[in-house]
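Reader: I would like to learn how to read a structure like this one. Can you take me through it feature by feature?

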Amino acid sequence: MVIWVTGLSGAGKTTLCRALKELLRPKLPQVVMIDGDIVRETFDDGLGYGEKDRWVQVARIQRMARMLSDQGLIVLAAVLYSHPELLQWNRREIRSYYEIYLKTSLDALRHRDYKGIYAQADAGQMREVVGLDIAWHEPTSPDLVIHQDHPEEASQLARKVVASIPELNLLLEPVS
């Protein structure tokens, strides 16, 4: 299974995936996480942040997620860019796919701005920011939409996500 978490920068994708991994790993040791920032750092091949390079980046993550899922792993993927064609590929090519959209307003993201991305972009010090000068394509048919303007505790959110996925919901039931 691939649980694909998308949203703008700062929406909480990595935070949610980490919380999901922490929640699931005790009962499902075959849970792995793919984070877009870590994949970019791992390949370290000069890939930029323009739209063309973002396609390459997401294609890497898609194929890695599919390969790992095909080997029986549960893949948590934290991915920023969500062009409709890329998300359609996921639904077509990944056997068990669950898409989560962390919907967050730009105002809330600018206020949080953990990485300083929006402040730098607004000051003209950074370009190629998805949602500002690269179009953000809001997912049109996610399995779950989570509004993140006022995020709740990651561990609580992870429990809600697991409860929404029938294949995983059984893991939350208490053992008698």
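What follows is a dialogue on the overall fold, the sheet, the helices and some single residues.

Reader: What should I know before I start?

Author: This is a predicted model, in which local features need pLDDT of at least 70, side-chain atom pairs count only at pLDDT 80 or more, and totals for chains, interfaces and linings use all residues. Residues are numbered from 1 along each chain as its sequence is written, and side-chain values use heavy atoms, with hydrogens and water left out.

Reader: How many helices and strands does the chain have?

Author: Begin with the definition. Helices (H or I, at least four residues) and strands (E, at least two) are DSSP runs, numbered from the N terminus. Here the chain has eight helices and five strands. From the N terminus, their order is β-α-β-α-α-β-α-β-α-α-β-α-α.

Reader: What does the radius of gyration say about the chain?

Author: The radius is taken over C-alpha atoms, and the globule rule is 2.2 Å times the number of residues to the power 0.38. For 176 residues, a compact globule would have a radius of gyration near 16 Å; this chain has 16 Å, so the two agree. Along the principal axes, the C-alpha atoms fill a box of roughly 60 × 35 × 30 Å.

Reader: What share of the residues counts as buried?

Author: Buried means under 20% relative accessible area, exposed means over 50%, and partly exposed lies in between (1.4 Å probe, protein chains only). Of the 176 residues, 46% count as buried.

Reader: In what order do the strands of the sheet lie?

Author: Two strands pair if DSSP finds at least two bridges between them. This open sheet of five strands has the order β2-β3-β1-β4-β5, with parallel pairing. Its edge strands are β2 (31-35) and β5 (144-147), each pairing on one side only. On average, neighbouring strands are turned by 20° against each other, direction ignored.

Reader: How many bridges join β4 to β5?

Author: Four bridges join β4 (residues 97-103) to β5, and the two run parallel. K103 stands opposite H147 in β5. I100 stands opposite L144 of that strand.

Reader: Which side chains of β5 point to which face?

Author: In a regular strand the side chains alternate between the two faces of the sheet. Along β5, L144 and I146 point to one face and are buried, while V145 and H147 point to the other and are not.

Reader: Which helix packs on β2 and β3 of the sheet?

Author: Contact means heavy atoms within 4.5 Å. Axes are lines fitted to C-alpha atoms, for helices over the stretch in contact, and angles run from 0 to 180 degrees between N-to-C directions. Helix α2 (residues 36-43) packs on the sheet and touches β2 and β3 (74-79), and its direction makes about 75° with that of β2. Helix α3 (residues 51-70) lies across β1 (2-6), β2 and β3, and runs at about 170° to β3.

Reader: How do I describe two packed helices?

Author: Two packed helices are described by the angle between their axes and the distance between the axes. The axes of α1 (residues 13-24) and α7 (residues 154-164) come within 8 Å and cross at roughly 70°. Therefore α1 and α7 are roughly perpendicular (angles under 35 degrees count as roughly parallel, over 145 as roughly antiparallel, 65 to 115 as roughly perpendicular and the rest as oblique).

Reader: Which residues make that contact between α1 and α7?

Author: From α1 come T15, L16, A19, L20, L23 and L24; from α7 come A154, S155, L157, A158, R159, V161 and V162. They divide into ten nonpolar, two polar and one charged (Ala, Val, Leu, Ile, Met, Phe, Trp, Tyr, Cys and Pro count as nonpolar, Asp, Glu, Lys and Arg as charged, and the others, Gly among them, as polar).

Reader: Is N90 buried or exposed?

Author: N90 lies in helix α4 (residues 84-93). Its relative accessibility is 0%, so N90 counts as buried. Leaving aside neighbours within four places in sequence, N90 is in contact with W4, Q62 and Y97.

Reader: What does I74 touch?

Author: I74 lies in strand β3 and is buried, with a relative accessible area of 9%. Not counting residues up to four places away in sequence, I74 touches M1, L28, Q30, V31, V32 and L168.

Reader: Where is D113 found?

Author: D113 is in the loop between α5 (106-112) and α6 (117-122). Its phi is near 35°, a positive value in a residue other than glycine.
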